[in-house]
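Hello,

Here is the structure I promised to hand over. Please open it first, then read the notes below.

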Amino acid sequence: MTLATVPRYDSERASEWGERAVVVGAGVAGLLAARVLADGFDEVVVVERDSLPDEPVARRGVPQARHVHVLLKGGESTIEDLFPGYGEELLSSSGVVFDGSRDVHFYLEGEYLADGPQRIPQYGATRSLYEQLLRRRVADLDGVELRPNCRVVDYRLDDRGTTVTGVAVEDEESGGAVLATDLVVDASGRTSRTPAWLERIGYESPPVDEVYIDLAYSTTLIERPPSERRSYVVAASPACPRGSGMVPIEGDQWLVTLYGVHGERPPTTFEEFEAYAATLPVSDVADILREHDQTADDVVHYRFPSNRRRRYEDLDRFPDGLVVVGDAIASFNPIYAQGMSVASLEAVLLHHALAAGGRDDLARRFFARASDVVDIAWTMAVGGDFQFPETTGPKPRGNDLVGRYLSRLFRRAHTDGVLRDAHFRVVMMEQPPTTLFRPAIAWRVLKPSGGVSAYRPKLARVRESPHLKQ
C-alpha cells in the first residue's frame, strides 16, 4: 500500500472508542498515532522517556535525528490530511521547498538521471523541526497530554491474562504509577520491548526478518546561499560502496550525509569528510563542501547494522488492547528515507481499523493492514541492499529478476525523464511499484536502443574515483 492505495483520513469516520489510550514514544510514529486516537478517546497520554523541549533539537532517544531525513510524498500528504496547514507551518519555520524533479540530482548506474517532466514539490528540513511542529500540533489537541521524562516499566493485564488494561510508568516527580487504559500503542521504536514482554507472559514473540547491510553514515551542516535549492543523491553500488545524500534545510544550510556499506566507514572529522566525498564517482558534493563553510561544530556518526522486520501479522495469539507501530514493527535502511512516511500511512490505517470495528480484534485487523504498507517499503529497501553480494538475510522472491529490470530502467532514465518520474513517484511512496511494469513504462524500459528522449539528462562531472573497485 502507498498513498495511491491507502484510503485517506476521514474525520467523519471517528466515533467513541474508549476513555483513555496510552502511546509509548513521542517520535513521529507516536505523535501521529496520538493524533488519530484523539478522535475517539476521551484522553490520550503520550509517554516519552526523553525531555520534550519546545525547540527543534535532537533528542537522545533518536540518535539518527541529526542525519538527513526526507519526508516522502506518501508521508507529506498524509500528515497534511491529519494536520491541515502543516506544510505552510514548516515553511514559515524556515523549512525549504524544492523541486524533486529538477532540483534533486540523482546519480545512479553511472550517470545522473534526467530531469522529470513535471514539478514535484518536496520539503527540506531537519528531523527535529518535523518532529517539533508535530509535537506542538498534538499538544494543542483536546484531551492529549504529553508526559516527558517518563519511563514505561511494564504493561498490566486483566485477570485472564488476555487484555492489556494498564501501563506502569516511572518519573522523577511522581515516582511510580499505573495508567489505566483501553488501548496501548507501542511506538517506542527499533528497541521496542514488546517482543520480550510477550514471551515473558506466555505468548510467542513475532517472527523476525533481518537483512544485514552494515551501514555507517556521517553528517554535517554547511552554509547554503538562500536561493540555492540543489539536492544530491549519490547512490552506493557494488563498484563503489560509498554514497551521499544532501538536502537544503532551515537556517540557509545544507545537511550533508556521507555513508558506506559493508565495512566502509565515513569519517568523523570535517577534513576527512571532504576527502571521503572526493572518493565518490562524481565531484559535485565534494565541490560544494570545498566551496562553503561548515556551520556545525562537529560531524555526527551513526551505524545501522540491519533492516529488521517483526511480523506481528503472523502471530496466532496477541493480547487485546495493544498495537505496535512505526520502527517497532519494521526499521529500514535509512538511506531510502521511508521511516516517517511508513509511520504516517500506518497511522491512517490505525484510524480506519478503529473506525471499522473499534477495539474489537483491533491488533489482528491493524497488523494485517499495516503489513501491506511494510511489504512495499521492505521490498524496496532490502531489494536495493541485495545488489551488494555481502548482504545477508531473507531475500524477497524474484528480487534478482526485478533488480535486472530496474537496472535497465535506471540506465534508460539517464536520458528519459518519464522513467525518472515514474521511479521517483514509487520511491516517494506515492505510487505502488507495480506502476513501473505498466505497458507504457515497460516499453520505454525494454524497447531497442535508439531514438531521442524528450528530456535532456543532467550533465554529471563523472570521474575515475580512487575508491572504485576493479
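Start with two helices: α11 passes α12 in a left-handed crossing. Please keep in mind that this is a predicted model.

The helix pair
Helix α11 covers residues 417-427, and helix α12 covers residues 439-446. Their axes come within 10 Å. They cross at roughly 125 degrees. Angles from 65 to 115 degrees would count as roughly perpendicular, and those over 145 as roughly antiparallel. The two helices are therefore oblique to each other.

Which residues make the contact? From α11 come Val 418, Leu 419 and Ala 422. From α12 come Ile 441, Arg 444 and Val 445. By class, that contact holds 5 nonpolar residues and 1 charged residue, with no polar ones.

The sheet
Now look at the strands. An open sheet is formed by 8 of them, with mixed pairing. The order is β5-β4-β13-β14-β15-β12-β16-β18. At the edges sit β5 (111-112) and β18 (330-331), each pairing on one side only.

Inside that order, take β14 (residues 242-249) and β15 (residues 253-261). They pair in the antiparallel sense, over 8 bridges. One bridge joins Ile 249 to its partner in β15, Gln 253.

Helices on the sheet
Helix α6 (residues 270-277) packs on the sheet. It touches β12 (208-223), β14 and β15. The direction of α6 makes about 70 degrees with that of β15.

Helix α9 (residues 362-385) packs on the sheet as well. It touches β12, β16 (300-310) and β18. The direction of α9 makes about 125 degrees with that of β16.

Best wishes

Conventions:
Residues numbered from 1 in each chain as written. Predicted model: local features only at pLDDT ≥ 70, side-chain atom pairs only at ≥ 80, totals over all residues. Heavy atoms only, no water. Axes fitted to C-alpha atoms, helices over the stretch in contact; angles between N-to-C directions. Helix = DSSP H or I, 4+ residues; strand = E, 2+ residues; numbered from the N terminus. Parallel < 35°, antiparallel > 145°, perpendicular 65-115°, else oblique. Left-handed = near helix turned anticlockwise from the far one by under 90°. Contact = heavy atoms within 4.5 Å. Nonpolar A, V, L, I, M, F, W, Y, C, P; charged D, E, K, R; others polar. Pairing = 2+ DSSP bridges.
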